[in-house]
Amino acid sequence: MTDYSKYSFWLETAGEDLKPRSPLTRSDDVDVAILGGGYSGLWTAYYLLRENPGLSVAIVEKEIVGFGASGRNGGWCSSKFPVTPAMLEQRFGRNAARALMLAMNASVDEVARVGQEERIDAHFHKGGILSFARGAHQLPLIRAAHAGYERLGLGDQYRLLSAEEATKRVNVTHVHGALYASENASVHPGRLVRGLARAVERRGGVIYEQTEVTDFAGGARPRLLTRAGELRAKKALVLAGEAYLTRLPKLHRALLPVYSLIALTEPLTENQWSQIGWQDRESLASNKYTVDYLTRTAGGRILFGSRGAPYRFASKITDEQDRHAETHARIQHTVVEWFPMLEGIKFTHEWGGPVGMPRDWMPAVAFDPATRIGTARGYTGQGVATTNLAGRILAGLIAQKRTGLEALPFAQRRSPDWEPEPLRWLAVRYAQHAFLRIDSAAENRRPRPKDAKVAQFLGKH
Ligand SMILES: Cc1cc2nc3c(=O)[nH]c(=O)nc-3n(C[C@H](O)[C@H](O)[C@H](O)COP(=O)(O)OP(=O)(O)OC[C@H]3O[C@@H](n4cnc5c(N)ncnc54)[C@H](O)[C@@H]3O)c2cc1C
């Protein structure tokens, strides 16, 4: 039997045994059938059941609830949306961009509110985000981000800090300034996803685990196909499998699985924390292409995450990719580079998982009344709070209840497909290499690679 606690520290410390729920054993009929036991599927089920207690809702999960990114992430429950405010404004206009940012802020609080109402002890702590400019070259990036928020009239929630102000909060090396955002919390992702599943069940939802959906079909009677039988839906089918959706032939090019990897330290001593500060447990980041994200866990450890593990041909997703020696070694090295006082610190856990990257970087939440198929996907590694918003939107669309959220620019849209192989592999591997080269040149004060603009264009969002 699979030991699911090995997939992340969060699953290991979720506070319950991870014994799988029963699988689907025969064909059945429900009102709403959902593929995927992560936040997207669970939030959709939760809001559907809260608004319509008589509805029959079933979730089909290949492994266990929280097996995917929802049980492995960096713990940022953040108002950050996968697309920057400036780009949102450019694509959809000021009003739509502002409305989306405000809805994201509200989603952070909504996660806390439901957590409290449903007695989910997910270590929710609203400490904000500190996005550091590590090196003078990153200063223009945080200033531009701040200007983007100001243009949307949200300047009061985003504050530029001097190097001194920033390092007073958290003693990090090479800091030239920081952008502080108040609307962000850190959570225990495992406790959140597992607690949410129990809340769905208390409201009458049924969760089948150890059941792989092999195909799906839309129409008057949409259905999820499994080896044990089909789950037919009277009202709607929801595809909420994020990166793993690419394993279904019909959705193979809908997203790109990109691995995000994490290393976790042992708990720090009081003395180490007194040297570092970080008293408000802000989520921390720098402004690198390969992404740095840090969380101070409730138990006093440092979680450090980053990208850079190679994309595999044909969007391969395997357990082996959860660990990548080179990337994990770079992460461990970077922890000590940020916090030299931690020289010799032990790392107790390493893991990773795929995030779902849409071709235009924009998540999509949509329901088509003609096929009765709904989906919420493409969070590009920023889905902890976004899935809550997506779940509320999808539940409203399925129940045909206007909430106003369906007007947000990521609702009722779809992203273009990724290119077929080998083009996809060539372009993605080129961009991944280029991002590593750009970061390395900046850190070592070498000139920017000549092709930086090309890579920037490919990674534009
Ligand atoms: C390492 C890492 C760090 C991250 N850090 C952050 C962070 O700090 N903050 C943030 O906001 N976001 C972060 N993210 C992203 C965030 O976790 C995701 O966007 C979010 O969890 C997506 O939830 P989901 O329910 O859509 O997908 P998932 O949680 O991936 O759930 C999908 C589920 O569907 C199941 N499934 C898929 N296909 C099938 C099938 N055919 N049959 C049956 N079941 C199927 C899978 O087994 C899985 O359990 C991170 C992601 C990773 C991997």
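For counting purposes, Ala, Val, Leu, Ile, Met, Phe, Trp, Tyr, Cys and Pro are nonpolar, Asp, Glu, Lys and Arg are charged, and the others, Gly among them, are polar. Keep in mind that this is a predicted model.

**Exercise 1.** Work out how many residues surround the ligand and how they split by class.

*Solution.* Start with the count: 37 residues surround the ligand. The closest are Ser 40, Glu 61, Ser 70, Val 213 and Val 384. Now sort the shell by class: you get 15 nonpolar, 17 polar and five charged residues.

**Exercise 2.** Find polar contacts of the ligand with Ser 40, Ser 70 and Gly 381, then say how much of the ligand the protein buries.

*Solution.* The cut-off to use is a pair of N or O atoms within 3.5 Å. Take Ser 40: an N or O atom in its side chain sits 2.7 Å from an oxygen atom of the ligand. Next, Ser 70 puts a polar side-chain atom 2.5 Å from a ligand oxygen. With Gly 381 it's the backbone that counts, as one of its N or O atoms is 3.1 Å from a nitrogen atom of the ligand. Last step: on its own the ligand exposes 1,000 Å², and the protein buries 97% of that.

**Exercise 3.** Name the elements that give two or more residues to the shell around the ligand, and pick the one that gives the most.

*Solution.* The elements are helix 2 (39–51), strand 12 (256–265) and strand 16 (347–357). Strand 16 gives the most, with three residues.

**Exercise 4.** Describe how helix 2 and helix 10 cross.

*Solution.* First get the distance and angle: the axes of helix 2 and helix 10 (residues 386–398) come within 8 Å and cross at roughly 45 degrees. The two helices are therefore oblique to each other. As for handedness, their crossing is right-handed.

**Exercise 5.** Locate Pro 422 and Gln 210, and say what stands out in the backbone there.

*Solution.* Pro 422 is in the loop between helix 10 and helix 11 (423–443). A cis peptide bond links Glu 421 to Pro 422, with omega about 5 degrees. Gln 210 is in the loop between strand 8 (206–208) and strand 9 (213–217). Gln 210 isn't a glycine, yet its phi is positive, at about 55 degrees.

Terms used:
Residues numbered from 1 in each chain as written. Predicted model: local features only at pLDDT ≥ 70, side-chain atom pairs only at ≥ 80, totals over all residues. Heavy atoms only, no water. Near = heavy atom within 4 Å. Polar contact = N/O pair within 3.5 Å; in protein donor to acceptor, adjacent residues only side chain to side chain. Areas by Shrake-Rupley, 256 points an atom, 1.4 Å probe, with all protein chains shown as cover. Helix = DSSP H or I, 4+ residues; strand = E, 2+ residues; numbered from the N terminus. Axes fitted to C-alpha atoms, helices over the stretch in contact; angles between N-to-C directions. Parallel < 35°, antiparallel > 145°, perpendicular 65-115°, else oblique. Left-handed = near helix turned anticlockwise from the far one by under 90°.
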